[in-house]
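Hi,

Here is the model I promised to pass on. Have a look at it first, and my notes on some of the strands follow below.

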Amino acid sequence: MSTQNTEAPPTAAAERERSARIAKVQASKLTKSFRRRKETVQVLHSIDLDIADGELLVLLGPSGCGKTTLLRCLVGLERPDGGRVELAGKTVVDTDTRTFVQPNRRDVAMVFQNYALWPHMDVARNVAYPLKSRGLKDLLRSGRVEEVLKLVQCDHLADRYPPELSGGQQQRVSLARALASNPGLLLLDEPLSNLDALLRIELRAQLRSLHRQLNFTGVYVTHDQEEALALGTRVAVMREGRIEQIGDPEEVYRRPTTAYVADFLGARNRLEVNVDDLGNAKFAGRTLQGLFRPGVPGSYTLLFRDQDLALRGVGSGDGPAGRAWLSGGTVREVLPGGNHNEHVVRVGDVQFWVGVPASAGRFTPATDVEMGIDPEHTLCYDADGNLVEGWTHGA
């Protein structure tokens, strides 16, 4: 894929690297609300955030969680109701002192979802526009426009106009325009969401390469978990105007600290169980053994990703070792795919999605099956939705 503001513990190497850098962006107690009809909707709730020099932070979350509003507060397109923002040590927002620096006076650039290119200007003039508007004549004379167009592999398009370009080409030009002035902070608001799937992967790889090459400081907004994990040096998962978890992408994916984060990062299969002192987990009149260790009684929520579950025929005894097998499942539907066939399985009144490797074949609808749960790839949460450690036999 709780409103706690929980940060996954970084690795020692990552912590040393971050501590050696100067914070490029600092936001504290940032709040923002909007008036909608007769009610006030709180969009940001006291956000605290720091971004190190050279870091690409990805804000990840569903529509309406506040990620774009936070981005717009950083760039100056929205005025926060409360809080403080510093960019490279300069205060650009402080509601206590009524400080608010306009966007054109902040050392920032933004890449929009809809490209936002001037249709009456050719590519070269679009890229040169921020340099001219800021009076950066030295960069113009030094060939900066040609340099950034070459960086994004669009130097051959310099004399074309935006309507003559594909969506991918327009987004590359938009990125070149943002990079042209060497901004202290680059903000990207779902820049790849309008592109087709294969082009998104291609530009994702190019953007990652550019970040490694230029080491710019950036904030990237997306609702796509794969995009977030591929691009971010850190990922902040947002929920209802708060940061639910922030940390290294791999750590956030492997160890989501709340059930909300786990679900958003792909662990959509949910099993509610009651566990006795012996470690027997009861679910819908069934008993699941070999999963919980003795001595951890209580109510728990288990979450699994599709590919971490397995299926076998009833009584076959086949399937991967080291799993706890849940009986009483029936295949309701099969969605053939490339590498995996997605099986929709019903156990009692709960529906599961199980990704079976295509090489293993697929079960037909109405087949009775057993579902295998791998403790090493199962996420366990308590009644408050917080991650539980040390609940399995091998812990």
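First, a term: a residue counts as buried under 20% relative accessible area, as exposed over 50%, and as partly exposed in between (1.4 Å probe, protein chains only). Strands here are DSSP runs of E with at least two residues, numbered from the N terminus, and two of them pair if DSSP finds at least two bridges between them.

Some housekeeping: this is a predicted model, where local features need pLDDT of at least 70 and side-chain atom pairs count only at pLDDT 80 or more, while totals for chains, interfaces and linings use all residues. Residues are numbered from 1 along each chain as its sequence is written, and side-chain values use heavy atoms, leaving out hydrogens and water.

Now, strand E21. It spans residues 368-373, and 5 of its 6 residues are buried. Strand E17 (residues 309-313) runs antiparallel to E21, joined by 5 bridges; there, Gly313 has Val369 as its bridge partner. E21 also pairs with strand E18 (residues 324-335), again antiparallel and over 5 bridges, with Leu326 opposite Met371.

Then there's an open sheet of 5 strands, ordered E15-E14-E13-E16-E22 with antiparallel pairing. Its edges are E15 (286-288) and E22 (379-381), each pairing on one side only. The twist averages 35 degrees from one strand to the next (axes are lines fitted to C-alpha atoms, and angles run from 0 to 180 degrees between N-to-C directions). Within this sheet, 2 bridges link E13 (residues 269-275) to E14 (residues 281-283), and Val275 sits opposite Ala281 of E14.

Cheers

Methods: Helix = DSSP H or I, 4+ residues; strand = E, 2+ residues; numbered from the N terminus.
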